[in-house]
Every structure is written in structure tokens, then in C-alpha cells.
Amino acid sequence: MKNYSIGTCPVECENYSMGGYFTGIYPVECRAYSTGARQTKQIYPVKCFWVCYLTGTKETRETKETKMTKKALITGITGQDGSYLAEFLLEKGYEVHGIVRRVAIEDPEHRLWRIRHILDKLILHPGSLESYASIFKIVEKIKPDECYHLAAQSFVSYSFEDEFSTINTNINGTHYVLSAIKEKAPKCKFYFAGSSEMFGLVKETPQNENTPFHPRSPYGISKVAGFDLTRNYREAYNLFACSGILFNHESPRRGYEFVNRILKV
């Protein structure tokens, strides 16, 4: 194989070799880790996708990325959708992280029952959607590749009883997650779980992405705000931020407090 130990590195390079490229000039984006390379006093910009060795072998960006384990962060991981999503991502080989309330960690038998069978495969972080500091620290620590924001105060009837708590948790919580990602994981792909409650007093049936929103509950209003926050972060900060509008969906893991579940019982 061709020896590139002296001369110009021919590709984007990340120097892990202790024997190569010590005296070469790196004209592309590169991070050099070897002591010898740093002694050349060359300027090494960051962000690398190739690995070059003394033998001249190289690894493409695509190959390198396939070998890296993707990290996913799920808010609402203890809920119906979060638990199924966690299972799915684990099957795909992801490193799955979840944000849970501290009280849930202290009472796993009752509060973590949907993910009890996969607890040993998950990495859970105590945190609160009402605390920007806790969300910021978690995102900073994980630096996720993907974030699925499913957590919310999701009971429509309760949102009328305590609209301030619903608005605070759902709107500020979404804002906190988006802001933390912008600051600490700007390449992270963000998903916001919207709701059919955003349509409220519908103008047409069935609804589609162009149907105007007319929410009729504090919960629906909070979801419209989260939808607009997601759009704004996508347009203003060029984040990969998208929304899904979820209609009613059932499973054996549906909470008993939901009307459909109660009727079935």
C-alpha cells in the first residue's frame, strides 16, 4: 500500500496513527490527535470524516457513520408511545435515553411499568420539563442524534381544571428542549408530537396539513404553540425540527384515565 507518512494528506483526515502524517500539511477539515502531528505547528480545523493511517488505508464517512451507535433522547418514555418507540429504537441498535421525573425512578414498579422489561437497556435521566436547567444539562451530556419530544400534560379535561400548569408544562417544556438542542446539539433531529386537538373546531373533514387550527382547550392551545415553536426553530435556526399530528390511537398500554380505555373496561 502507498505510504503517506510524509507529504500532504490526500483526503479529509482524522489522524489516529502514531506513526503517520507527523510532517504533512492537512489542507482539509481535520483533527489530529497524535503528539507528533501537533509538533508540526500546523493549523488543524475541526470536523473530520476520514481516517488515514500510515499504510494509506482510509475509511469513508458513510462507513464510519454506520459503525457509530446513534443516540436517541425520548421525553415521555414512560408513556404509551414512548415505550413502544424505545423498543423500536433498541431493535434498530440505538442507544436510547429517556427523561423521567425523579419520583418515577423512586417508584419504578408503578411508574415505569411500560418499560420495565427493557429497563436494563435504557439510560434514564431524572429531569423536569418545567426546569430549563435540568433539560439543558441532559442534552449537553448526551448530545443526542435524535430527540423525540412526546412528554406533555395530555389530559384534555384536566387542562380546563388547571390551565396554567398545562400551558407552563407543554409550551415551556417544548421551548426548553428546542433551546437546549440549539445550544448543545444543533445537528440533532427533533420531533414534536402534535395532536388532533390542535384542529378543535374543524373546518373540514377529514383534516390534513393545510387545515387551519382552531383549538378549543388549553391543551390544544399548548400544542399549537409547540407546533409553531418547532416551525420557528426550523426556520430561524436551521434545525432539523418536524412535527407529527397524532390522532387517537389505542394499545394495551393506554392509560386508564383516557375515555376510550374507560369505556372498554
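Q: In which strand is His 125 found?
A: Happy to start here, with the note that this is a predicted model. The strands are numbered from the N terminus, and His 125 is found in β7.

Q: Is His 125 buried or exposed?
A: A residue counts as buried when its relative accessible area is under 20%. His 125 has a relative accessibility of 7%. That value falls under the cut-off, so His 125 is buried.

Q: Leaving aside neighbours within four places in sequence, which residues is His 125 in contact with?
A: Contact here means heavy atoms within 4.5 Å. With neighbours within four places in sequence left aside, the partners of His 125 are His 97, Gly 98, Ile 99, Val 100, Ile 138, Lys 141 and Ile 142.

Q: Why is one side of β7 and of β10 left without a neighbour in the sheet?
A: Let's zoom out to the sheet. Its six strands form an open sheet with parallel pairing, in the order β7-β6-β5-β8-β9-β10. β7 (123–126) and β10 (240–246) stand at the edges, so one side of each has no neighbour because each has a single partner strand.

Q: How many bridges join β8 to β9?
A: Strand β8 covers residues 146–149 and strand β9 covers residues 189–195, and the two run parallel. Glu 146 stands opposite Lys 189 in β9. The number of bridges joining β8 to β9 is four.

Q: What angle does the direction of helix α8 make with that of β8?
A: Helix α8 (residues 163–184) packs on the sheet and touches β8 and β9. The angle between the directions of α8 and β8 is about 175°.

Note on methods
Residues are numbered from 1 along each chain as its sequence is written. This is a predicted model: local features need pLDDT of at least 70, side-chain atom pairs count only at pLDDT 80 or more; totals for chains, interfaces and linings use all residues. Side-chain values use heavy atoms; hydrogens and water are left out. Two strands pair if DSSP finds at least two bridges between them. Axes are lines fitted to C-alpha atoms, for helices over the stretch in contact, and angles run from 0 to 180 degrees between N-to-C directions. Buried means under 20% relative accessible area, exposed over 50%, partly exposed in between (1.4 Å probe, protein chains only).
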